[in-house]
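Colleague: I am new to reading models like this one. Please pick one strand, take a close look at it with me, and then show me what lies around it.

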Amino acid sequence: MDVKDTREQLEIVEKILAASSRTLCAGGEFFLVWGIVSASIDFLNQLVANNTLPATALWAMPVLILIGVVFSTWRSIQMRAHSGRMSMLQREYLNMMYMTLGVTFVAQFAGSNFFAGWAEGAIWNVAGTMVLLFIGMHGNRRAVLAGVVLIVTLAIANYTPAIAGYVLGAGMLVGYTGFGATELLARE
Amino acid sequence: MDELLLSKIRLGIIAELLASDWVAFSALQHSLQTTNGNLGAHLGKLIESGYVDEEKAFVDRRPLSRYRLTQRGREAFVSHVREMQAMLQGAESS
């Protein structure tokens, strides 16, 4: 192998590596659906706490979660099947997201004495903020804004206990669902 | 130098897989602008050497092959590029 060939080969490698995707596909539809599911659960809890709805209405919660899980599973399979590649960054993002949401799920149930009452909803706003800020770290300003909205609603809910469920739900709707909607619009 | 990576197509395949968790056959073909047969033959050699892993699946009743770089392939690529860079530096300084 001579110098010319070596230079040519190194150029090929540089060209391919420079072209390799460093962009992150957040998957707007997941944020849209889970934002609606989470906000609905917060609103439902608030309506039951206000005695506007009977306590039996809380049975809608597992149904809502099931809808979210079924949709996410179906969409993930579909996306994986029709995608040509998955970047390392995308894999890192998915691992981080599953880890954050998985740990939050376990914490909510295993630590039900700690995360009782509105803390149960608030912990999801924290998890959502972490996921959004990770996406924001990779250049998505909408995600940073959405993450800030989500964490600000947590602070507001803390000082408005009478309507905490509505505030946390609104944070999920604006921050999480709003981010998902803007991602889908940007994709078009 | 790694003789297996002296081929531009094989080096290109490894470079494509380097920043990805996995890449489908069609995406590799699109990036490297080569024929099915040619790409398949080069991939075969890389799989045989343990540099690349192959995963076969069916999507909408059509076969789909995905490839990922193994640790062995990653190490081979890194040392190959280092040797090429050293060779180039040596040639430039002499």
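Modeller: Let's start with β1(B), which is joined by two bridges to strand β3 (residues 62–69) of chain B, the two running antiparallel. Strands here are DSSP E runs of at least two residues, and helices are H or I runs of at least four, both numbered from the N terminus; two strands pair if DSSP finds at least two bridges between them. Within this pairing, A24(B) stands opposite R66(B). Please keep in mind that this is a predicted model, in which local features need pLDDT of at least 70 and side-chain atom pairs count only at pLDDT 80 or more, while totals for chains, interfaces and linings use all residues. Residues are numbered from 1 along each chain as its sequence is written, and chains are lettered from A and ligands numbered from 1 in the order in which they are written.

β1(B), residues 20–24, also pairs with a strand of chain A: three bridges join it to β1(A), again antiparallel. There, S87(A) faces S20(B). Four of the five residues of β1(B) are buried, so the strand is largely enclosed by the rest of the structure. Buried means 20 or more other C-beta atoms, placed from the backbone, within 10 Å of a residue's own; exposed means 12 or fewer, and partly exposed is in between.

That pairing belongs to a wider meeting of the chains, where 18 residues of chain A are in contact with 23 residues of chain B. Contact requires C-beta atoms, placed from the backbone, within 7 Å of each other. On the chain A side, α1 (3–19), β1 (85–87) and α4 (88–110) each give at least two residues. The largest share, nine residues, comes from α1(A). This side of chain A has 10 nonpolar, five polar and three charged residues. (Nonpolar covers Ala, Val, Leu, Ile, Met, Phe, Trp, Tyr, Cys and Pro; charged covers Asp, Glu, Lys and Arg; the others, Gly among them, are polar.)

Staying with chain B, have a look at L5(B), in the segment before α1 (8–18). L5(B) counts as buried because 26 C-beta neighbours lie inside 10 Å. F77(B) is 72 residues away from L5(B) in sequence, but their C-alpha atoms are 7.6 Å apart in space. Beyond its neighbours within four places in sequence, L5(B) touches R10(B), L11(B), I14(B), A76(B), F77(B) and H80(B). For a contrast, find Q33(B) in the loop between α2 (25–32) and α3 (36–48) of chain B. Q33(B) is exposed, with 9 C-beta neighbours inside 10 Å, and its phi is positive, near 50°, in a residue other than glycine.

Now follow β1(A) back into its own chain. Chain A has seven helices and one strand, in the order α-α-α-β-α-α-α-α. Its C-alpha atoms fill a box of roughly 80 × 35 × 30 Å along the principal axes. Of its 188 residues, 30% are buried. Among contacts with a separation of 6 or more in chain A, 71% link residues 24 or more positions apart.

Two of its helix pairs are worth tracing. The axes of α2(A) and α3(A) come within 10 Å and cross at roughly 175°. Axes are lines fitted to C-alpha atoms, for helices over the stretch in contact, with angles from 0 to 180 degrees between N-to-C directions. α2(A) is therefore roughly antiparallel to α3(A), the word for angles over 145 degrees (under 35 is roughly parallel, 65 to 115 roughly perpendicular, the rest oblique). Residues of α2(A) including F30(A), W34(A) and L44(A) meet residues of α3(A) including M61(A), I65(A) and F71(A). This contact divides into 12 nonpolar, three polar and two charged residues. The loop between α2 (28–49) and α3 (60–82) holds N51(A), which is not a glycine yet has a positive phi of about 65°. N51(A) is exposed, with 8 other C-beta atoms within 10 Å.

The other pair is α6 (residues 141–159) and α7 (residues 164–187) of chain A, whose axes come within 8 Å and cross at roughly 175°. These two helices are therefore roughly antiparallel as well. Among the residues making the contact are A143(A), L150(A) and I156(A) of α6(A), and V167(A), V174(A) and F179(A) of α7(A). By class, the contact of α6(A) with α7(A) has 14 nonpolar, six polar and one charged residue.

Notes
Two residues are in contact if their C-beta atoms, placed from the backbone, lie within 7 Å.
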